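Please open the model in your viewer and keep the selection tool at hand. The tour goes from one selection to the next and says what is there.

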Amino acid sequence: MKAWIGAVALAGVMATGNAMADGNKLLSQCKIAIRGNAGADTNDAFQAGLCFGLVQGVQETLLAYDNDLPKVKRTCIPDGITKNQSVKIVYKFLEDNPKYQHELETIVVIAAFQDAFPCKG
């Protein structure tokens, strides 16, 4: 039951904003978010908000359902990581791994966190 709820929550995160957007769109949105001057343009503010919202939503979903995942898929996200740090991790992951730029944005965020914070042992 818990896994089903997690799948529904993750699907909801995927459907927010631009339905089924890919890593290319996320890269663009997170670049705006990192730049930090999104207030100058309403569309930029919206795009930055989509990046922050998606990254935060996936991060919280991973934390909430981590024990229900197979050990090889778990992440060990440290306490105290900020929203800005999380966005930078995703942005850098996309820059360093262009093969993910065509993937669904939710898959990209999960892969970025798994890459940055693998569980040891």
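What follows is a walk through a predicted model, from the whole chain to single residues.

**The whole chain**

Start with everything selected and coloured by secondary structure. The protein has five helices and zero strands, so the order of elements from the N terminus reads α-α-α-α-α. There are 121 residues in the protein, and 39% of them count as buried. If you switch on a surface, about 7000 Å² of the protein is exposed, and carbon and sulfur atoms supply 57% of that area. For contacts between residues at least 6 apart in sequence, 69% join residues at least 24 apart.

**Helices H3 and H4**

Select residues 42-65, which form helix H3, and then residues 83-96, which form helix H4. How do the axes of these two helices cross? The axes of H3 and H4 come within 10 Å and cross at roughly 95 degrees. An angle from 65 to 115 degrees counts as roughly perpendicular, and H3 and H4 are therefore roughly perpendicular to each other. To see the contact, show the side chains of Cys51, Phe52, Val55, Gln56 and Gln59 on H3. On H4, show Lys83, Asn84, Ser86, Val87 and Val90. Sorted by class, this contact of H3 with H4 has five nonpolar, four polar and one charged residues.

**Helices H4 and H5**

Keep H4 and add residues 105-116, which are helix H5. The axes of H4 and H5 come within 9 Å, with a crossing angle of roughly 100 degrees. That makes H4 roughly perpendicular to H5 as well. From H4, select Ser86, Ile89, Val90, Phe93 and Leu94. These residues meet Val108, Val109, Ala111, Ala112, Phe113, Asp115 and Ala116 in H5. By class, the contact of H4 with H5 has 10 nonpolar, one polar and one charged residues.

**Aromatic pairs**

Hide the helices and show the aromatic side chains. How many aromatic pairs are there? The count comes to two aromatic pairs. For one of them, select Phe93 and Tyr100: their ring centres are 4.9 Å apart and their planes stand at 55 degrees, so the pair is tilted. Phe93 is buried, with a relative accessible area of 6%, whereas Tyr100 counts as partly exposed at 23% relative accessibility. For another, select Phe113 and Phe117. Their ring centres are 6.3 Å apart and their planes are at 20 degrees, so this pair is stacked. Phe113 and Phe117 are both buried.

**Cys30**

Next, select Cys30, which is found in helix H2, residues 23-35. Is Cys30 buried or exposed? Cys30 counts as buried, at 1% relative accessibility, because buried means under 20%. Leaving out residues up to four places away in sequence, Cys30 touches Cys51, Val55, Val87 and Tyr91. Cys51 and Val55 also belong to the H3 side of the contact with H4, and Val87 to the H4 side. A distance to try in the viewer is the one from Cys30 to Ala48: their C-alpha atoms are 6.1 Å apart, although the two residues are 18 residues apart in sequence.

**Cys76**

Now go to Cys76, in the loop between H3 and H4. Cys76 counts as partly exposed, at 40% relative accessibility. With its neighbours within four places in sequence left aside, Cys76 is in contact with Phe117, Pro118 and Cys119. Phe117 is also in the stacked pair with Phe113. The C-alpha atoms of Cys76 and Gln114 are 8.0 Å apart, and 38 residues separate the two along the sequence.

**Gln85**

For the last stop, return to helix H4 and select Gln85. With 42% relative accessibility, Gln85 counts as partly exposed. Add Ile34 to the selection: the C-alpha atoms of Gln85 and Ile34 are separated by 9.4 Å, with the residues 51 apart along the chain.

Conventions
Residues numbered from 1 in each chain as written. Predicted model: local features only at pLDDT ≥ 70, side-chain atom pairs only at ≥ 80, totals over all residues. Heavy atoms only, no water. Phe/Tyr/Trp six-rings, centres within 6.5 Å; stacked < 30°, edge-to-face > 60°. Buried < 20%, exposed > 50% of the residue type's maximum accessible area, 1.4 Å probe, protein only. Helix = DSSP H or I, 4+ residues; strand = E, 2+ residues; numbered from the N terminus. Contact = heavy atoms within 4.5 Å. Areas by Shrake-Rupley, 256 points an atom, 1.4 Å probe, with all protein chains shown as cover. Axes fitted to C-alpha atoms, helices over the stretch in contact; angles between N-to-C directions. Parallel < 35°, antiparallel > 145°, perpendicular 65-115°, else oblique. Nonpolar A, V, L, I, M, F, W, Y, C, P; charged D, E, K, R; others polar.
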